[in-house]
Structures are given as C-alpha cells and as structure tokens.
Amino acid sequence: MGKDNCFISLSGGKDSTVLLDIVRKDFPDMEAVFINTGLEYPSVRSFAQSIKNVKTIRPDITFRDVLARYGYPVISKEIAQCIDEARRADRTGKYQYRIDKLSGTLKDKNGNLSAFNCAKYKFLLDAPFRISSQCCTQIKKNPSKQYELLTGKKPIIGTLAEESRLRRTDWLNNGCNAFTKHRPSSKPLSFWTEQDILQYIKQNNLEIASAYGDIVVDDPDSINGQMNLFDLTGDTSGCRLKTTGCSRTGCIFCLFGITQDRDRFIRLKNSEPKLYDFVMAGGEFDNKGLWIPNNQGLGYRYVLEWLNSNGMNINY
C-alpha cells in the first residue's frame, strides 16, 4: 500500500497531531482528513483546520439527532452497547449474553465467570433515556468510510491501545497494521502510552491545540514557583509529564470515560460557558416517555442528575 493510497486521520487532538508529524517527516505531502463533527473544542477544530493539506469532511447527521434516535453515550462504548442490546433482548434469546453480562453471570469458555461481566452497571437498564454506542459510528466512522469508498484510500489512525479495553483487544488480535480486515487500517501508535505522546511533543517542540495548555513536569514534590533541574536544562527525559489544560479533548459532550474524568464538564463550563449552557439546557420526554434533546439544548443536566442519583458522582 503506497503513500498515495493512504490518508492521515486527524482529529486535532495531541495523539493524531503526533501521528501527523511522524508520517509527514517521511511523506510531507500525504493528505490528512479532519471530520468536523461540531463536537470538538473550538481551539481543537481551528488548530486542525490551520494545518496545510487537510481536507475537512462532515457527518450527515447532527449530534442532537444521534442522541434522540439512538441514545446518550454513557460510561464507555462497551457498556453503552451492552445496555442498548440488553434492552432489545427478546424471547428468542437474542442478546441474552448481554443480560448475562449485566447480571454478572456470563461465563467464559472454561466455565469461569467472564472478565467482561459488568453487573455494577445493571442499573442503567432503568435509565429514563436511551443509551447507545452509536455516536462514534454515526458521527465519525461513517463519514470516514464514505471518504474511503469515494477515494479508495485507507486511514492511518493515531489511537492508543491503553485508552480502552476494546482498543487493547483489537490491537492484540490484529496488530498495528490490520490490512486483512474488512476495513483495512493502520494504527501505528497503538503500543504508545500517554507519556510517550507527551514526551514526543515536548522533545520535538510540537505545537498542539491550546485546549491542552502547556506540557509540564508532573512533580508532586515541587514547590510552586521554584525552578527545578529540568527547568534549567530543558531535558525532561525520565520525567512524568502532564498538561496544564485538558488531558484529553475528544468529543466535549461525550460521557464515555467519565468515571476516569469526573470534572470534564467543569472544565467545559470554565472554558466554553456558552457551549456548556447548551449542553446542559433543554430536553423533553418523547412519546415513549424517554428523555431526548430539544431545540433548547441537549438535556444533559437531567441525564447527569439521574446518573448522580445512582451514585455516579459526576461533577457539573
């Protein structure tokens, strides 16, 4: 597969920015494709669109319509899909294994309780709103697939296996270059860690979206205002790094990964108050008695209040 048959999948986030830099060092003319979902931090979107030779494409459906039609993205793709399909289980036994997972009774091939059981999230079956993993498919994957069909090009994607169990499993099963899959792709950063990404950005003085702030040494013993050796030498090798702004950007309205980042909406409130108000405001019950967005907003306040009433403790 030659360089003219590929494109770099650019989200504007720091991982795909590192990927872009690595690839274009060898192939400076390789096209990058940015999917303008409308769900990015404004600084991430403007950063991605400021890069040369980046083609912008858009989804055919709005995020609000995805929420109303399919459901809210809650906890993780794995959990959201499990809840969605368990709710659609029928007497023929279809999706029974999803119910078993939520009941904590699913067994593996050796007869032991499966590591994929998720009984602590069974309460989500009673949520007064739809829950689904369809958001990424409808907003990101489908536009990319359409572009691949139109051009014949295959994506190079900057995802990390450590980000989720699904990505780790996919990497273990297919490796970095999944050329024989139904939808071939290359994910060369799969084995990288968050620290690898931050070190690369720091060492190569790479520009990233302003939503991340600065990359600094994460030293719990440092005294505010006091210079350290790495401040004088500029050498952060062996140091643990962190961002002073967002640690991850992604889709700013997403509830995937919220249990590891419970202050996500507080940061949104501080950095993008108008967007925050739209996310939290609005909402209504549809003719099936399920909460959906409306013209006044996405209705997240009601969703978060319900989740918190069930012990989720999400700050907003």
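**Aromatic pairs, strand E1 and lysine 101**

The structure holds 11 aromatic pairs. The model is a predicted one. Two of the pairs are described here.

Phenylalanine 123 and tryptophan 306 form a stacked pair. Their ring centres lie 5.9 Å apart, and the planes meet at 25 degrees. Phenylalanine 123 lies in the loop between helix H5 (96–103) and helix H6 (134–151). Tryptophan 306 belongs to helix H12 (residues 300–309). The pair therefore ties together parts that are 183 residues apart in sequence. Phenylalanine 123 and tryptophan 306 are both buried.

Phenylalanine 285 and tryptophan 291 form an aromatic pair that is edge-to-face. Here the distance is 5.0 Å centre to centre, with 75 degrees between the planes. The relative accessibility of phenylalanine 285 is 43%, so this residue counts as partly exposed. Tryptophan 291 counts as buried, because its relative accessibility is 11% and the cut-off for burial is under 20%.

Aromatic residues also gather in a cluster. One aromatic cluster is formed by Tyr72, Phe123, Phe129, Phe265, Tyr300 and Trp306. Both residues of the stacked pair, Phe123 and Trp306, are among its members.

Attention turns next to strand E1. This strand spans residues 6–10 and is mostly covered. Of its 5 residues, 4 are buried. E1 pairs with strand E5 (residues 154–156) in the parallel sense, over 3 bridges. E1 also runs parallel to strand E2 (residues 32–35), and 3 bridges join them.

Isoleucine 8 has a bridge partner in each of these strands. In E5, the partner is isoleucine 156. In E2, alanine 32 stands opposite isoleucine 8. In a regular strand, side chains alternate between the two faces of the sheet.

The link from E1 to E2 includes a helix. E1, helix H1 (residues 14–26) and E2 make a β-α-β unit. The unit is right-handed.

Lysine 101 provides a further local view. This residue is placed in helix H5. Its relative accessible area is 5%. Lysine 101 is therefore buried, as the cut-off is under 20%. Neighbours within four places in sequence are left aside in the contacts of lysine 101. Beyond them, lysine 101 is in contact with Glu78, Cys82 and Leu106, among others. The list also includes Phe116, Asn117, Cys118 and Ala119.

Notes
Residues are numbered from 1 along each chain as its sequence is written. This is a predicted model: local features need pLDDT of at least 70, side-chain atom pairs count only at pLDDT 80 or more; totals for chains, interfaces and linings use all residues. Side-chain values use heavy atoms; hydrogens and water are left out. Rings of Phe, Tyr and Trp (its six-membered ring) pair if their centres lie within 6.5 Å; planes under 30 degrees apart count as stacked, over 60 as edge-to-face and the rest as tilted. Helices (H or I, at least four residues) and strands (E, at least two) are DSSP runs, numbered from the N terminus. Buried means under 20% relative accessible area, exposed over 50%, partly exposed in between (1.4 Å probe, protein chains only). Two strands pair if DSSP finds at least two bridges between them. A crossover is right-handed if, with the strands pointing away from the viewer, the path from the first strand over the helix to the second runs clockwise. Contact means heavy atoms within 4.5 Å.
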